[in-house]
Amino acid sequence: MVSGGGLTLPPVFRNAYAPASFVMAKPKILIQLDTDQQPSTFDAVVAVDAGVDHLFQYGGVTPENVTGLVHGAMFTRGPADLHQTAIFIGGSSVESGERLLERVRKCFFGPVRVSVLFDANGANTTAAAAVLAAAKHLPLEGATATVLAGTGPVGQRAARLLAGRGAQVRVASRSLQKAEAVCNAIRGRQSAAKLTPVQTSNTEETAAALSGASLVIAAGAAGVELLSVEVRRNSPQLKVAIDLNAVPPVGITGIQPQDKAVDRDGTFCYGALGVGGTKMKIHRAAIERLFTSNDRVLDAEEVLALGDSLGK
Ligand code: NAP
């Protein structure tokens, strides 16, 4: 029995008649929409650890088949409970995820909506953690930053977030064309972004890409070395070096995966695990934030702001 307001009500009546303070909250439902055929178990585990009560997982989700799934989230519970349902968009392709996010947003109207977190391939939460690590050691506004392998999901997001914080960003790739495409995509969102595409297909080009830079983020594929000890040591102006690849060989030789603000040759160094702890905290906090209102859309910038607010 639930009592309140002078009445003693059987549970069946409690939502309809009890004062608001006595109304039981609906369970938190997260609807995981993954553009890959198999929904990510990593994202599922984080959701459960972040306090989600029920997780509904869907794989192979596309803009063409998502509408019914979103309508199910929008129309089943009443307006007062919409904040207890949320959507997570994941999958290995950021581009596919972005198209899905666009379609999901178009399903919403007026107050009839649910909050959404977009973190395809962990790109937003990982890039945010890397940018926050860098910001502990240098002002990003006006800094020259090089993002090695800035064309992958994480690298693109890191470049976008750094540009958004006023850094002059060199987006590096083995292919100048790919680097240019990333710069153009970021400029489409941030017309004032200071971006330079650079080719890094050999050691000399990588050294040139680092010349004068105070920050380097290596966002290369797992098990690919992008930066040698020699080139790093020959870049005396480098204040922060962040490697996101934990799989040997690591992306920046000499940095250990667990490094977290370790001073190596006068440069603050972070390895993938050193950044990973913050990434996990941001990811969990972002899931929790979804259930505080029904109108949030958490993409790169919102995830970074959330990480900032955690004081990591
Ligand atoms: P990705 O898509 O697998 O690769 C990123 C870029 O690496 C590619 O766009 C490519 O750039 C370059 N690349 C691929 N193969 C290469 C090769 N053989 N030689 C040189 N460059 C190569 O990576 P991602 O998904 O964005 O993730 C980036 C890194 O972050 C990965 O190492 C991933 O494991 C790690 N990660 C870490 C965390 C964490 O919490 N620490 C979380 C998520 C991901 P170009 O073709 O343009 O050269």
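**The ligand and its surroundings**

Let me begin with helix 10, which contributes three residues to the shell around the ligand, and that is the most that any element gives. Please keep in mind throughout that what we are looking at is a predicted model.

The shell as a whole has 21 residues, and those that come nearest to the ligand are N121, T151, S173, K178 and G220. If we sort the shell by class, we find ten nonpolar residues, eight polar ones and three charged ones.

Turning to the backbone, I would like to point out three places where an oxygen atom of the ligand is approached by the protein. For V154, a polar backbone atom is 3.0 Å from a ligand oxygen, while for P153 a backbone N or O atom lies 3.1 Å from an oxygen atom of the ligand. A polar backbone atom of A221 is likewise found 3.1 Å from a ligand oxygen. How much of the ligand does the protein bury? Taken alone, the ligand exposes 920 Å², and the protein buries 73% of that area.

As for where the ligand sits, the space it takes is the largest pocket. The elements giving two or more residues to the shell are helix 6, which runs over 153-164, and helix 10, which runs over 272-290.

Finally, a word on D53, which is placed in the loop between helix 2 (41-49) and strand 4 (54-58). Is D53 buried, partly exposed or exposed? D53 counts as partly exposed, because its relative accessibility is 47%, and partly exposed covers the range between 20% and 50%. Its C-alpha atom is separated by 6.0 Å from that of I29, although D53 and I29 are 24 residues apart along the chain.

Notes. Residues numbered from 1 in each chain as written. Predicted model: local features only at pLDDT ≥ 70, side-chain atom pairs only at ≥ 80, totals over all residues. Heavy atoms only, no water. Near = heavy atom within 4 Å. Polar contact = N/O pair within 3.5 Å; in protein donor to acceptor, adjacent residues only side chain to side chain. Areas by Shrake-Rupley, 256 points an atom, 1.4 Å probe, with all protein chains shown as cover. 1 Å grid on protein atoms, 1.4 Å probe; cavity = no way out; pocket = protein on both sides within 12 Å on 5 of 7 lines; lining within 4 Å. Sits in = over half its atoms within 2 Å of the grid points. Helix = DSSP H or I, 4+ residues; strand = E, 2+ residues; numbered from the N terminus. Nonpolar A, V, L, I, M, F, W, Y, C, P; charged D, E, K, R; others polar. Buried < 20%, exposed > 50% of the residue type's maximum accessible area, 1.4 Å probe, protein only.
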